[in-house]
Structures are given as C-alpha cells and as structure tokens.
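Here's a quick briefing to read alongside the model. Have the sequence and the 3D view open, and we'll start at one spot before stepping back to the whole chain.

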Amino acid sequence: MSKEQLHEIVSEMREELQGLSDYIYENPELGLNEYKSSQAHVDLLRKHGFDVEYPYLGFDTAFKATFDSGKEGPTVAYLSEYDALPGIGHGCGHNMLGTVDTGAGIALSKVVGETGGRVVVLGTPAEETDGVKVDMANADTFDDVDVALCTHPSDQNLMSNVSLAMEALEFEFFGKTAHAAGAPWEGINALDAAINMFNMVNAGRQQLRPDARVHGIIAEGGVAANIIPEYTRVQFYVRSLDINYLQEVKDMVIRSAEAASSAAGTTMKYNYFEKSYYNMITNQKLSDTYNANAADLGIEMIDAGEDLSGSIDMGNVSQVVPSIHSYYEITDGVPTAGHTVEFREATRTEFGYKAMMRTVEILARTGFDVITKPELLAEITEEFNKIEKVN
C-alpha cells in the first residue's frame, strides 16, 4: 500500500464529499442542534463500514465512528465540526471542515486492512459556542488515541500553531429600584456597578501582557431610564496564550467586579456562561509531517507565528493527546475574513472544492505516516510527553 493509492481513493470520493458539504451548507444548524448535519456524517461513515456510537457522551449530535483493522497498530483520530452561525449559516465554513476530516478518516480506513491500526472520526458539535471537544477531552475519548487531527478552511494555508486559552465569565449585580427622578436616593444602582467594573477592567488592561485579551458586554442594563436599575448582568471573555497567566488575568477581572460592586453598594455573584478553552499546543513533529505531505501535493504551508486571533476547543484536546489544527485556503487568493457571507460562499466554489479534496488527501497521508512509521510515532509521543500541560 502506498500514498499514491491514497490519491486514487480520495479522487473517487469527490462526488459524495462535495455532496456532504453542500447538504450541510443548505441545512445550517446551530451548536447542539446539528441533527441533519450529524446524521449526514454518520450515514456516510456507516456506508463505508465504520461502527458508530450516536449519540455520544450524552450529546444528541455528537458521534464516535471507529474503523478497526483487526490488526495491531496506532489509532488516528480526525475531528469533524458542522455547526453553523446565527443569521449567516456556514460563515465559518464548518460544512467543509467536517467534510474534510470525515473524508480523511474514510480514505485512511481503506488502507488500514493492510497497514494495521484504527481510524476514529469524532463528530464534535458546538465549536462556535460550547465546544463538545472539551467534554471529550475530559472524558476517556482520547485514552486509546495516538494522534488527533483537525483542519479548518481559511483564506490561507496556515501551519498548526497556537490559540488563546479562554474563560467566559458572567457577573450579576443586585441593587434596589427607586424612581430615578422622584426618590433616587432610595435606590441602589446596579448599572453603576456594571459601569464601574468596565472602567476598572479598562484601567487594568494597561498592566496586561501583550498576549492577553479581555472583552465584554452589558447583557442586561436596566429596564427604563426613569427606574434605578436593581439588576444588571455583564459577560466577559478572558483570554491568554498561557493557561497559568490566564488565571492572573481572570483574578484581575473578578477583583474589578468585587470593587465595582462594593463602590456602588450592590451585591455581586459570578459564574461561567460557557466552557473554558485551553490553549492549543501544536505537536511540532506531527505538524511537520502534515506540512511535508502538503508540500508533496504542491501546497506551501505558511507559518503565521503566534497568531492570537481567538480560542478553539481543540486546545483542550491538545492537552491530552498529540494534536494539530491546521488551516487550508478556499478563497483563491482573495483575503476573506471568517464569519462572513463571502467566506460562506467560498465553500461552494470550484477552487474551494479542489482545496477540500487536496486537504482530505494531506490528512489521510499524514495518518498513513503515523500508522506505518513507528519511529515517527515515537518522536511524536516523546515530544508530547515533554510539554507542560494543564493540571
């Protein structure tokens, strides 16, 4: 079995993979409600001989699909996303993202009968909101997985790199209503507490390291201008490249809320309104293998450095198993931001489809290398064992 045979296998899958991507494009579903999308992935995987747990981990739209060769060998996992955005549908391209990773798993499954090993495809809902990869990383999903791979459509071919750790904090302030004109002195203004908090957080930004991010909104600020607000609610995302420094930034935000509440005379409580995302730790040896396979197919992967644009739930996966999260261009040289109509439409172009199929092959080739080169897997594992992980 050779990589050239993988090329033929992938080429034969173009029609059904394009059909999967288009179907999910036409049926956009928000996180944890991806019923049609997850079912479409599951149907295709079962068609190709995978054993599928669906639902998985208590999530209706998550799945774990396994193809076991019955022979000894490593386990390669591909992670598929398929949630859409409110209003614009697949403006982040997850219709194509999931298709690529599912397609790579299917392609690799066609050769493990000879090479040995297992292929796992995980359906991972709600990346945009409350990513289920976090639950998978916290469970035993990756206990018997040797490497995990995920790719994302983009306007550039970018190497797997870093992402920001993130915590989502919600603060509630409780005061007392009063007539804002007739007897304001009888009120305790919860909006004052919220505004105080924003001012204190803004002042604290001066001392933050360059890799930290703090940004928030007033989700509820009162009901009428002539009523002293008795209740306000604010939400903040707190991010950092380093999980340990993230705790320092979070503490600063919480102290700001406490001081703001005290100054306004309110009471305060806080909680987490979304799951915490850990920083992405790219396994460099695995990434080098992916990049070399891309080069073999004529794709030069770009090193974007420490791109601090956001947070991904793949970061949590990278803390428990050697992982990469790379990006592939679908926009034909046109700079195009994600979460836009323009990016959504790029998933329906001929350039996008060709990029999709090429990336399926790159991922499959990378999995093939992991399974057939014991020395490579040993180096990947050694690197992973040396990294500092979240306790």
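Let's begin with His-90, which sits in the loop between β3 (75-80) and α4 (94-109). Keep in mind that this is a predicted model. His-90 has a relative accessible area of just 1%, so it counts as buried.

**Around His-90**

- Which residues touch His-90, once its neighbours within four places in sequence are left aside? The contacts are Ile-24, Tyr-25, Pro-28, Tyr-82, Asp-83, Ala-84, Asn-95 and Arg-344.
- Going by the element limits, residues 75-80 make up β3 and residues 94-109 make up α4, with His-90 in the loop that joins them.

**The whole chain**

- The protein chain has 13 helices and 10 strands.
- Its radius of gyration comes out at 23 Å, close to the 21 Å that the globule rule gives for 391 residues, so the chain is as compact as a globular protein of that length.
- Along its principal axes, the C-alpha trace spans about 85 × 45 × 40 Å.
- Of the 391 residues in the protein chain, 55% are buried.
- If you take the contacts with a separation of 6 or more, 81% of them join residues 24 or more positions apart.

**Surface and charge**

- About 16000 Å² of the protein chain is exposed, and carbon and sulfur atoms supply 49% of that.
- On the charge side, there are 29 positive and 60 negative charges in the protein chain.
- How far apart are the mean positions of the positive and negative charges? The separation is 0 Å.

**Salt bridges between elements**

- The structure holds 19 salt bridges, and a few of them are worth a click.
- Arg-233 pairs up with Glu-220, with 2.9 Å between the closest N and O atoms. Arg-233 belongs to strand β8 (residues 231-240) and Glu-220 to strand β7 (residues 213-220), so this pair ties together parts that are 13 residues apart in sequence.
- The two partners differ in cover: Arg-233 counts as buried at 18% relative accessibility, while Glu-220 is partly exposed at 34%. The cut-off for buried is under 20%.
- Lys-285 makes a salt bridge with Glu-379, and here the closest N and O atoms are 3.1 Å apart. Lys-285 is in helix α9 (residues 284-296) and Glu-379 in helix α13 (residues 374-386), so the bridge ties together parts that are 94 residues apart in sequence.
- Both of these side chains are partly exposed, with Lys-285 at 30% relative accessibility and Glu-379 at 37%.

**A salt bridge inside one helix, and a network**

- Glu-361 forms a salt bridge with Arg-365, with the closest N and O atoms 3.0 Å apart.
- Why does about one helical turn separate Glu-361 and Arg-365? Because the two are 4 residues apart in helix α12 (residues 350-372).
- Are the partners buried or exposed? Glu-361 is buried, with a relative accessible area of 5%, and Arg-365 is buried too, at 8%.
- Finally, take a look at Lys-3, Asp-369 and Lys-373, which are linked in a network of salt bridges.

Technical notes
Residues are numbered from 1 along each chain as its sequence is written. This is a predicted model: local features need pLDDT of at least 70, side-chain atom pairs count only at pLDDT 80 or more; totals for chains, interfaces and linings use all residues. Side-chain values use heavy atoms; hydrogens and water are left out. The radius of gyration is taken over C-alpha atoms; the globule rule is 2.2 Å times the number of residues to the power 0.38. Buried means under 20% relative accessible area, exposed over 50%, partly exposed in between (1.4 Å probe, protein chains only). Contact means heavy atoms within 4.5 Å. Accessible areas come from the Shrake-Rupley method with a 1.4 Å probe; for residues, only the protein chains shown count as cover. Lys and Arg count as positive and Asp and Glu as negative; His and the chain ends are not counted. The place of a charge is taken as NZ of Lys, CZ of Arg, CG of Asp or CD of Glu. A salt bridge is a side-chain nitrogen of Lys or Arg within 4 Å of a carboxyl oxygen of Asp or Glu.
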